Amino acid sequence: MNVLTMPARPYDDQRPGTSGLRKPVAIFRQPHYLENYLQAIFETVGGGANRTLVIGGDGRFFNREAIQTASRMAAANGYKHLVVGRAGLLSTPAASHLIRKRGADGGLIFSASHNPGGPEGDFGIKYNSANGGPASETLSRAIYARSKRIVAYRLVDEPDIDIDRLGKVSLGETEVEVVDPVSDYAELMETLFDFERLAELLTSTSFKMRFDAMHAITGPYARAILEERLGAPVGTVINGKPLPDFGGAKPDPNLVRSRSLVDFMFGQDAVNFAAASDGDGDRNMILGRKIFVTPSDSLAVLAANAHIVPAYSSGLTGVARSMPTSRALDRVAQDLAIPCFETPTGWKYFGSLLDTGRITLCGEESFGTGSDHVREKDGLWAVLFWLTIIAVRGMPVHRIIKDHWARYGRHFYARHDYEAVDAAAANSLMDALRDQVGDMAGKRLAGSIVSTADDFSYTDPVDRSVAERQGIRVLLEDGSRIVYRLSGTGTGGATLRIYLERYEARAWLHDKDARKVLNDLSFAAGSLAEIPARLGRERPSLVT
Ligand code: VG1
Ligand code: CO
């Protein structure tokens with residue numbers, strides 16, 4: 001076997017964000033940029049001797065080249081087995097499952113998730129550990145430090161492997177197994193949910209659903225599970241063919257990017273249930289006829305109904321949510337008398353809680369929910385969960401939501417994003433807020449009084465690692481909350497996210513328009529942070 005050692009010059013900008021390293025394709029195409037980062041990963045985890053690595057991606061532009069490069073480099077770095085998704089495809093949750101199922105030592109997922117794809121779009125690399133979950137913050141920092149010191153990378157001098165044919169081939173001394181990206185995942189779903197019951201719902205004439213795969217990775221998964229296994233009519237899955245540029249759209253399921261699906265569900269021809277997923281298949285958006293379920297509410301509803309899903313029939317050990325996610329989940333946890341953890345944004349922070357059985361279910365306001373079945377959020381899993389609730393409770397989505405609010409109260413919620421603003425301005429806005437938090441308590445704000453304000457910091461209860469400066473929280477006496485943080489997934493400038501939440505216990509006020517209910521909080525959030533003056537923007541570019 002011929003191993004080449006190629007000289008490299010270290011890069012100093014390979015710092016992973018909320019979810020791996022994400023950059024424009026053009027950056028990844030710089031000489032040995034991809035190789036530099038991969039070599040840093042392999043060296044940080046201690047090489048590949050006798051190890052198994054799972055490799056796949058969301059199918060975006062540059063995926064296939066990256067998979068060939070990663071395979072050659074993994075072989076040269078000593079990995080014994082590589083498990084590669086056919087055509088280079090693996091959704092993020094499917095990759096997580098495959099790592100766990102095969103007892104692999106880790107996995108590479110090539111994805112920039114909801115970021116746009118194509119030659120002008122973004123690319124990304126996530127490294128997941130043996131538990132199937134995203135590299136911890138500690139490991140991510142070590143990889144970054146290493147990436148700044150790489151002076152050479154290794155690869156085997158072998159031709160491309162055929163990633164379109166199932167089966168085993170060798171690459172130097174490494175065995176590469178090309179696997180069906182869908183079958184293991186679909187089998188896992190069958191162990192969690194009652195497929196007979198779901199099939200009954202999806203084949204009944206009184207129920208119709210639509211799933212929008214946004215030309216991203218979930219197309220093949222949704223077709224295999226919803227249409228082939230559960231018998232939903234062909235055509236239930238739309239935009240089901242993964243395209244390298246996602247058809248030119250941003251594969252980000254929310255009220256803005258999934259406008260046509262939202263309009264459809266609020267229009268004359270609306271069906272009973274609709275959902276969409278993102279680039280790498282870990283997010284989900286849930287819609288009923290004339291109703292959009294906020295991700296925070298969705299998480300709370302799943303927790304409150306978990307006992308009706310076979311996999312969770314014996315109850316939840318605990319739940320967790322990222323800090324900006326609404327506290328609707330906390331009320332359910334209180335009712336169930338189970339712990340509810342509050343973690344920083346990003347799935348990596350749920351890992352230790354899931355691994356130690358402290359929690360069964362968790363989620364984020366950014367359209368992500370999941371459980372201990374894998375170590376990533378899981379879009380289709382959330383869809384099957386919702387379908388189970390609809391089937392077992394025999395209720396449409398709006399009834400399930402109204403019922404939930406009647407029981408627990410409603411957390412009106414919205415996220416306002418100021419995208420692609422000047423990074424220096426956004427940082428100084430956050431600094432100014434940080435300077436203020438110490439003496440905010442007691443001040444009047446949005447018709448109430450600030451009870452506490454801080455910059456969120458989190459100590460992992462398992463490994464005691466500390467994550468600081470995770471977002472500014474302003475809590476009001478009436479139960480409302482404003483949260484500010486900067487995005488860690490963008491690739492151009494900075495994105496400021498403002499999360500607004502207002503609690504309403506009184507059922508007769510639950511049908512109010514969220515925008516109106518949150519209007520004064522939104523105004524207060526803007527003036528507290530001096531947004532127009534600092535960012536030169538009058539209003540957010542995205543509201544979800
Ligand atoms: C965003 C979301 C966060 C999510 C992350 C990765 O991060 O807010 O909740 O975990 O994306 O999701 P940020 O730092 O931009 O706010 V995915 O589907 O892109 O892996
Ligand atoms: Co994603």
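1. A residue is called near a molecule or strand here if one of its heavy atoms lies within 4 Å of it. With that in mind, a good place to start is ligand 1: of the 19 residues around ligand 1, Thr18, Ser366, Gly488, Thr489 and Arg497 come nearest.

2. Before going further, please keep in mind that this is a predicted model, in which local features need pLDDT of at least 70, side-chain atom pairs count only at pLDDT 80 or more, and totals for chains, interfaces and linings use all residues. Residues are numbered from 1 along each chain as its sequence is written, chains are lettered from A and ligands numbered from 1 in the order in which they are written, and side-chain values use heavy atoms, with hydrogens and water left out.

3. What is the shell around ligand 1 made of? It divides into 10 polar residues, 9 charged ones and no nonpolar ones. In this scheme Ala, Val, Leu, Ile, Met, Phe, Trp, Tyr, Cys and Pro count as nonpolar, Asp, Glu, Lys and Arg as charged, and the others, Gly among them, as polar.

4. Some side chains make polar contacts with ligand 1 (a pair of N or O atoms within 3.5 Å; within protein, one must be able to donate a hydrogen and the other to accept it, and residues adjacent in sequence count only if both atoms are side-chain atoms). An N or O atom in the side chain of threonine 18 is 2.4 Å from an oxygen atom of ligand 1. For serine 366 the corresponding distance is 2.6 Å, and for a polar side-chain atom of serine 19 it is 3.3 Å.

5. Now for the overall layout. The protein chain is assigned domain 1 (3-180), domain 2 (185-408) and domain 3 (410-543), with bounds that come from an automatic or database domain assignment. The centres of domain 2 and domain 3, taken over C-alpha atoms, are 26 Å apart.

6. How much area do domain 2 and domain 3 bury between them? The figure is about 2500 Å², 55% of it on carbon and sulfur atoms; buried area is the accessible area (1.4 Å probe) that two parts lose on being put together, summed over both. On the domain 2 side, Met323, Arg327 and Trp405 lose the most area to domain 3, together 27% of what that side buries. In terms of contact (heavy atoms within 4.5 Å), 31 residues of domain 2 meet 27 residues of domain 3.

7. Between domain 2 and domain 3 there are 6 salt bridges, each a side-chain nitrogen of Lys or Arg within 4 Å of a carboxyl oxygen of Asp or Glu. Arginine 473 and glutamate 342 also meet in a salt bridge, at 3.0 Å from N to O. By the same rule the overall count comes to 41 salt bridges.

8. Finally, have a look at aspartate 422. A polar atom of its side chain lies 3.0 Å from the backbone nitrogen of alanine 425. The C-alpha atoms of aspartate 422 and glycine 492 are separated by 9.0 Å, although the two residues are 70 apart along the chain.
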